[in-house]
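Please open the model in your viewer and keep the selection panel at hand. The stops below go from charged pairs to an enclosed space and then to the surface.

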Amino acid sequence: VRVLDRVGKGIRSSPRDAALAAAVPAEKQGAVFGFHRGMDHAGAAIGALMAWAGLAVFHLPLQKLILFAAFPGMLSLVALAFLQPPPPKTLSKTTEQVDLPRSFWWAMLAIGLAGLGASTDSFLLLAATGSDLSASSLPLLWLVLHLIKSISSIGSGPVADRLGRRGMVAAGWLVHILVFIGFALLHQPWAVVALFLIHGLRAGLSEGAEKAIVSELVQKGR
């Protein structure tokens, strides 16, 4: 089931990002991708709050709680079908023959290398919780993480457009490096939880800017 979920993410991510890039001028794409990531993380924060309420207040079985999580996905399909305007027809036979520039592949190399060191948040959550936190408190920690991601994503997008997207990505990756050094050296519960939350800044600073960089390096329609 988890593999199928990731297959769905792989199918939807590129056309969604292309639609976002085509909807706004190039100089505003950092703001748009940052806002998109911010709304994504805001949804995750609200979902975490609802999960906490289901576990701690209503004492729902975990299986039933996971089943309820399918309904927001269904609503998103309704919104996609009826509310999204048709995408612009920017792809033509001429653009299909254009090779991607070398700068794009250098960017992919950098992003790929960074991805090698990007541990999944679930793994860091395991390190942050240890044995001191109850199962019902985990969604609250998840909620705060995604609030940090949401706020930093929305705020950093316009800044990246004005001051430079590469600098914003570098700042996010620097936070990532320092956080993982901290995970290796610090083992006190409070320090690990703090590092877990600071880790949210990495996504907020770099995710939207990375997508904007990819968009600016390739031809329209590609």
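What follows is a tour of selections in a predicted model.

Begin with the salt bridges, of which a search of the whole structure finds 10. Select lysine 211 and aspartate 17, whose side chains meet at 2.8 Å, N to O; lysine 211 belongs to helix H10 and aspartate 17 to helix H1 (residues 2-23), and the two are 194 residues apart. Lysine 211 is partly exposed, with a relative accessible area of 22%, whereas aspartate 17, at 16%, is buried.

Next, select arginine 37 and glutamate 207, which form a salt bridge of 2.8 Å, N to O. Because arginine 37 lies in helix H2 and glutamate 207 in helix H10, this pair ties together parts that are 170 residues apart in sequence. Arginine 37 counts as buried at 10% relative accessibility, and glutamate 207 counts as buried at 16%.

Then show Asp161, Arg165, Arg166 and Glu216 together, since this selection displays a network of salt bridges.

For the interior, select Gly30, Ser153, Met168 and Gly204, which are among the residues lining the largest cavity. Helix H2 (29-57), helix H8 (138-163) and helix H10 (189-217) each give two or more residues to that lining. The space inside comes to about 40 Å³, and the lining has four nonpolar, seven polar and no charged residues.

Finish at the surface with Leu174, Ile177, Leu178, Ile181, Leu185 and Leu186, which make a nonpolar patch of about 580 Å². Leucine 174 sits in helix H9 (residues 165-185) and, at 48% relative accessibility, counts as partly exposed.

Conventions: Residues numbered from 1 in each chain as written. Predicted model: local features only at pLDDT ≥ 70, side-chain atom pairs only at ≥ 80, totals over all residues. Heavy atoms only, no water. Patch = residues over 30% accessible without salt bridge, like charges linked within 9 Å, V, L, I, M, F, W, Y side chains within 5 Å. Areas by Shrake-Rupley, 256 points an atom, 1.4 Å probe, with all protein chains shown as cover. Salt bridge = Lys/Arg side-chain N within 4 Å of Asp/Glu carboxyl O. Helix = DSSP H or I, 4+ residues; strand = E, 2+ residues; numbered from the N terminus. Buried < 20%, exposed > 50% of the residue type's maximum accessible area, 1.4 Å probe, protein only. 1 Å grid on protein atoms, 1.4 Å probe; cavity = no way out; pocket = protein on both sides within 12 Å on 5 of 7 lines; lining within 4 Å. Points joined across faces, edges and corners; volume = space filled by probe spheres on them. Nonpolar A, V, L, I, M, F, W, Y, C, P; charged D, E, K, R; others polar.
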